[in-house]
Amino acid sequence: MSPAPGRTHLTLLALEARIVRLPLAEALRTGRGAYRERSIVWLSAQIDCDGTRVTGHGECAPLPGWDDDTPDAQCRALARIPLPLTLDHPNQIDAAGPDLAGRPTLRAGLELALLDALARHQSLSLAGLLAALRAAEGSGPRVAADSIALQRTLGSLPTAATVAAVEQAREDGYRAVKLKVGADPLAADQDRLTAVRERIGALELRADANGAWTVAEALQALRKLPVALIEQPVAPGHLAELLAQRPGTGTRIAADESCTGAHAAERLIDDGRIDALVIKPAALGGLLPTLALAERATAAGVQIILSNLIESAIGRAGVAALAAVLPEHPGPHGLATGGWLAHDLAERDRIEHGRLWRRDGVGIGFDPALPA
């Protein structure tokens, strides 16, 4: 292993990109609409590192409503990157173009492929590489956690189905459940969550409105819904108004769509009124920008909950590796989403007693099984 993990001189030799369409096991209904299929870009990067050639895998995961990019446009952009490209650190990929800094999911996919290749070259897991990077900077643990706590995320289901699913989550060992709200009238959501609250005991209940409510509705929800946290109660443009009027309840407010970019997330942290940020590293441009943001949030006392853009096993493995080196933000995190996909690019995630166990092996821990 090199004396400075992640800073090994490397040359990007070749890129291969392919659009992969992954059907969902069932339609996911949220306040932003319904999803039935997930289209992502699988990305393979071949690098030369210290005279050795190694290949890493990444995932570009543009999602309508989160990113104006498309898989087709991203494949064309990747084909325009001038190769070979020599870097001293994966963070230097912004210089590769085309406008990677302004295309977060594209940047995140390329960064993940490079980090995966570099970890494989150094015979490290991706989490091990990230831990070594943090330790070298004096800001984190030297050893990554083997598992991370998860929340169970459920769509907007009828009351009886919601109660049954939450009870099953409790039996499976989850200590937090997030329910989608906002697709139905607030009164219906209140009835559904109250029925759940009466049945689940000490389990932490979270709600996610995906910005569907008005400020007036959100203020009612903060007073009436029996939840510990409400994620993105209002659209991004109205969050400041809500924070200024929030009632003195114990319900925390988390930003999600309001922190899709690093600058927006930093402003919320500096503002001092937000309780938590739900961060999808793909929407911030990758694992390394998210790591820097998490350290800033720690200093400000803002909770970070890591999530993903309905990504395949590749993207989820990247986020899990990051969560494993952030003990100051123990979750539960939003990565119990692999079951939403009818087909994935690897074997099912190992989730036991509400915890996701990292895959064994170097890099992300597997070579993707692409559909024929």
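## Helix α5 and its buried polar pair

Asp189 lies in helix α5, and the description that follows rests on a predicted model. At 0% relative accessibility, Asp189 counts as buried, because buried here means under 20%. Not counting residues up to four places away in sequence, Asp189 touches Val181, Gly182, Asp184, Trp213 and Leu225. Its side chain also reaches the backbone nitrogen of Gly182, at 2.9 Å. The C-alpha atom of Asp189 is separated by 27 Å from that of Glu311, a residue 122 places away along the chain.

Arg192 likewise has its place in helix α5, and with a relative accessible area of 2% Arg192 is buried. Once its neighbours within four places in sequence are left aside, Arg192 is in contact with Gly155, Ser156, Leu157, Pro158, Thr159, Thr162, Leu179, Lys180 and Val181. The side chains of Arg192 and Asp189 are joined by a polar contact of 3.0 Å.

The two polar contacts of the Asp189 side chain described here are set out below.

| Side chain | Partner | Distance |
|---|---|---|
| Asp189 | Gly182, backbone nitrogen | 2.9 Å |
| Asp189 | Arg192, side chain | 3.0 Å |

The helix itself can be checked for length. Helix α5 comprises the 15 residues 186-200, which at 1.5 Å a residue should span 21 Å, and its end C-alpha atoms are indeed 21 Å apart, in agreement with that expectation. Leu186, Asp189, Arg192, Leu193, Val196 and Ile200 are the buried residues of α5. Seen down the helix axis, these buried residues fall within an arc of 125 degrees, so they line one face of α5. An α-helix has 3.6 residues a turn, so residues three or four places apart point the same way. The face of α5 turned away from the buried side carries Ala187, Asp191 and Glu198, which are exposed.

As for its surroundings, the buried residues of α5 pack against α4 (159-171), β7 (176-180), β8 (204-208) and α6 (215-224). After the helix comes Gly201, whose phi is positive, near 65 degrees.

Enclosed space in the model is a separate topic. There are three cavities of 30 Å³ or more, and the largest cavity has a volume of about 220 Å³. Of the 22 residues that line the largest cavity, Lys180, Lys280, Asn308, Ile310 and Trp340 lie nearest its centre. The elements giving two or more residues to this lining are β1 (10-30) and β7. Lys180 also appears among the residues in contact with Arg192.

Terms used:
Residues are numbered from 1 along each chain as its sequence is written. This is a predicted model: local features need pLDDT of at least 70, side-chain atom pairs count only at pLDDT 80 or more; totals for chains, interfaces and linings use all residues. Side-chain values use heavy atoms; hydrogens and water are left out. Helices (H or I, at least four residues) and strands (E, at least two) are DSSP runs, numbered from the N terminus. The expected span of a helix is 1.5 Å times one less than its number of residues. Buried means under 20% relative accessible area, exposed over 50%, partly exposed in between (1.4 Å probe, protein chains only). The arc is that of the directions from the helix axis to the C-beta atoms. Contact means heavy atoms within 4.5 Å. A polar contact is a pair of N or O atoms within 3.5 Å; within protein, one must be able to donate a hydrogen and the other to accept it, and residues adjacent in sequence count only if both atoms are side-chain atoms. On a 1 Å grid over the protein atoms alone, a cavity is a set of points where a 1.4 Å probe fits but cannot get out, and a pocket is an open set with protein on both sides within 12 Å along at least five of seven lines; lining residues have an atom within 4 Å of a point. Grid points are joined across faces, edges and corners, and a volume is the space filled by probe spheres set on the points.
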